[in-house]
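Let's take a walk through this model together. Have the structure open and follow along.

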Amino acid sequence: MIRAGRLKYVQNLAGLAAQLGMSYGTLRNKGLHLQEGHPAPISSPKARVQLWDAEQTAAFHSGKPIPALPDTDDDQDLLDRNEAADELGISTSTWNSYKNDPKLAEHVVLVPEDGATEHWPRHVLHEFKGSMRGRRAGPGRRTGSGDMVPRDQLQPRIAELLDANPAVTVTEVIDALGIAFATAQAGLIRVRGKRIADLVEAEPGLTAAVAAERLGYPKAVRKGAVAAAEAELHARSAVPYLQNAADVLARAGLAEPVQIEVRQLAGGHLAAAVPLTTGQDVPALVWDERYGWRTATSRRHPIGKDTGSRPEGEGIRYLATGTHPEPEDLLGSFTSRGQA
């Protein structure tokens, strides 16, 4: 925790590296923060981002005696999410569902140097604890109630639960986030799949199954998570080509600059859309890995349920040749369409 009055001294690894006049990578490679006698982090052991007291680290690396930190609890102490959960006597996953309560959210403190590590004053937690009576502690949600978490926040919230417990269950996700069973199950599988894919990309040659085991996912869920990871890796493999094509179209002034998002259709087929600039006679171009590029008839829903379900002649025209034409060939095909 960050003791009362010590916020200005808080530093993460990047801050420690700057203090020592070296790069973050050099610090990590040398393991200077791991050497014997180095001040211990002030954050909880399970914290995703470890933090230190800069006065302590400066003293250590200067060969001076390390000053002691206060060891008496104070109402102004700042606690991270693991410490906050302990203070309230609840699990970290339950805390994740409580922290957005206005009584807590308006008092959150983001550590300045890191900018993303949330802490809460001890006195705020004590006040909130008094209002916890009557909160439902059991799993599930009321029948007919809508999902409590906005769609764009769902995966980050599930990721937080996985950070705290790689073996978190669907029931625990429902309890923490107040979402439907199907939403929780699908979201949990997808986030696990993405994390497996991240690990496989970071360590070429590693299988998805081994990555799932290393990440601590229970055997019962690995099959679905591995399948999600393989689908994720398949989608990622198409991004470099598609982003290059989108960038070529944008540089030509035909398309809006976009970060390509790949969508998986029924059957696992990939598709993506590139919105065109206002003034073009078609709203967007669509790519399908089975058929290649075509024009779209809708800007809001350019891909539709199946990109190959409607033939040419109904506002759709296929461009260039093959499924992966060179971006310049796609550009030429688009600009010359309709010309004799």
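Keep in mind that this is a predicted model, so start with how far the predictor trusts it: pLDDT averages 86 over the protein chain, and 89% of the residues score at least 70. Over residues 134–146, though, the pLDDT drops below 50. That stretch still has 18 contacts in the model beyond near neighbours in sequence, but read them with the low score in mind. Among the helices, confidence bottoms out in α5 (residues 92–98), with a mean of 77, and peaks in α11, at 96.

Now head for α11, which covers 208–214, and step into the loop that links α11 to α12. Leu215 sits in that loop. Is Leu215 buried or exposed? Neither label fits: its relative accessibility is 27%, and since buried means under 20% and exposed over 50%, Leu215 counts as partly exposed. Leaving aside residues up to four places away in sequence, Leu215 touches Pro166, Arg195, Ile196 and Leu199. Arg192 is worth finding too: Leu215 and Arg192 are 23 residues apart in sequence, and their C-alpha atoms are 9.0 Å apart in space.

Carry on along the chain and you reach α12, which runs over residues 219–251. Helix α12 has 33 residues and reaches 48 Å from its first C-alpha to its last, close to the 48 Å expected at 1.5 Å a residue. Look along α12 for Val239, where there's a kink of about 35°. The proline Pro240 comes shortly after that kink. Finally, just after α12, you'll meet Gly253, which takes a positive phi of about 80°.

Note on methods. Residues are numbered from 1 along each chain as its sequence is written. This is a predicted model: local features need pLDDT of at least 70, side-chain atom pairs count only at pLDDT 80 or more; totals for chains, interfaces and linings use all residues. Side-chain values use heavy atoms; hydrogens and water are left out. Helices (H or I, at least four residues) and strands (E, at least two) are DSSP runs, numbered from the N terminus. The expected span of a helix is 1.5 Å times one less than its number of residues. The bend at a residue is the angle between axes fitted to the seven residues ending there and the seven starting there. Buried means under 20% relative accessible area, exposed over 50%, partly exposed in between (1.4 Å probe, protein chains only). Contact means heavy atoms within 4.5 Å. pLDDT is the predictor's confidence in each residue, from 0 to 100.
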